[in-house]
Amino acid sequence: MGRVLFTDESRFSLSSDSHRILIWRERGSRNHPSNIIERDRYGGRGVLVWGGIMLGSCTDLHIFDAGSVNGTRYCNEILLPYERLLETLWLLESEDIERMDWPARSPDLNPIEHVWDFLGRRLAARTLPPVTILELRLALQDEWAAMPQQLIDTLILSMGQTL
């Protein structure tokens, strides 16, 4: 497992993405204006991030600028800057170290999902939560840099020997 790099993307938003809002109201007042909350269907303004974790290390956190991320943009912003990482993967393959394919749209068993949850909780626990995109970007970078490597290692090792 020490040779596995787990990568993923996630979206972080300035507004809460929780769909569980409890409202106590009197019977028959369901559609009263005071009981209706307008919500952005897509969770409000936010950023898309990419990162990678492995035993003993992690990549830098990449934060995409505004706009949609297509294959060309993903190659230009993620794969090319991490060319050294790709060269390492090719080196591993040349040494007969097996590369694990991850099927598209498969159930996500990636331990980095727990890292995204950790970052979200750290953002929510801040005394002054970010209110602008710039503050969100800076907070994400700070929290990523401060994330304990022990947490990452524990998450990866919790997967057992299924890899």
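**Helix packing and core of the predicted model**

Leucine 123 lies in helix α3. The model that holds this residue is predicted. Leucine 123 counts as buried, because its relative accessibility is 8%, under the 20% limit. Its contacts, apart from residues up to four places away in sequence, are Phe12, Pro129, Pro130, Leu136, Ala139, Leu140 and Glu143. One of these partners, leucine 140, is 17 residues from leucine 123 in sequence. The C-alpha atoms of the two leucines are 7.4 Å apart in space.

Leucine 140 has its own set of contacts. With neighbours within four places in sequence left aside, the set consists of Phe12, Val47, Val49, Leu61, Ile63 and Leu123. Phe12 thus appears in the list for leucine 140 and in the list for leucine 123.

The pair belongs to a helix–helix contact. Two packed helices are described by the angle between their axes and the distance between the axes. Here the helices are α3, residues 112-125, and α4, residues 133-146. Their axes come within 10 Å and cross at roughly 120 degrees. The two helices are therefore oblique to each other. The crossing of α3 past α4 is right-handed. On the α3 side, the contact involves Val115, Trp116, Leu119, Arg122 and Leu123. On the α4 side, it involves Leu136, Ala139, Leu140, Glu143 and Trp144. By class, the residues of this contact are 8 nonpolar and 2 charged, with no polar residue.

Glutamate 143 is part of this contact and lies in helix α4. With a relative accessible area of 7%, glutamate 143 is buried, since buried means under 20%. Beyond its neighbours within four places in sequence, glutamate 143 is in contact with Leu119, Arg122, Leu123 and Arg126.

The wider setting is as follows. The protein chain has 5 helices and 4 strands. From the N terminus on, the order of elements is β-β-β-β-α-α-α-α-α. The chain has 163 residues, of which 26% count as buried. Contacts between residues at least 6 apart in sequence were examined by separation. Of these contacts, 72% join residues at least 24 apart.

In soluble globular proteins, nonpolar side chains tend to be buried together. In this model, the largest nonpolar core has 22 residues. Phe12, Val49, Ile53, Trp116, Leu140 and Trp144 have the most contacts inside this core. At least two core residues come from each of β1 (6-13), β2 (46-54), α3, α4 and α5. The most come from α3, which gives 5 residues.

Strand β4, residues 62-63, contains histidine 62. Histidine 62 is buried, because its relative accessible area is 17% and the limit is 20%. Apart from neighbours within four places in sequence, histidine 62 is in contact with Leu48, Val49, Trp50, Glu77 and Ile78. Among these, isoleucine 78 is 16 residues away along the chain. The C-alpha atoms of histidine 62 and isoleucine 78 are separated by 7.7 Å.

Proline 81 lies in the loop between α1 (71-79) and α2 (83-94). Its relative accessible area is 53%, and proline 81 is therefore exposed, the threshold being over 50%. Outside the four places in sequence on either side, proline 81 is in contact with Cys75 and Asn76.

Another loop, between β2 and β3 (57-58), holds glycine 56. At 55% relative accessibility, glycine 56 counts as exposed. Not counting residues up to four places away in sequence, glycine 56 touches Gln149 and Asp153. Its C-alpha atom is separated by 8.1 Å from that of glutamine 150, 94 residues apart along the chain.

Aspartate 153 is found in helix α5, residues 149-157. Aspartate 153 counts as buried, because its relative accessibility is 16%, under the 20% limit. With residues up to four places away in sequence not counted, aspartate 153 touches Met54, Leu55 and Gly56. The contact of aspartate 153 with glycine 56 joins a buried residue to an exposed one.

Technical notes. Residues numbered from 1 in each chain as written. Predicted model: local features only at pLDDT ≥ 70, side-chain atom pairs only at ≥ 80, totals over all residues. Heavy atoms only, no water. Axes fitted to C-alpha atoms, helices over the stretch in contact; angles between N-to-C directions. Parallel < 35°, antiparallel > 145°, perpendicular 65-115°, else oblique. Left-handed = near helix turned anticlockwise from the far one by under 90°. Contact = heavy atoms within 4.5 Å. Nonpolar A, V, L, I, M, F, W, Y, C, P; charged D, E, K, R; others polar. Buried < 20%, exposed > 50% of the residue type's maximum accessible area, 1.4 Å probe, protein only. Core = buried A, V, L, I, M, F, W, Y, C linked by side-chain atoms within 4.5 Å.
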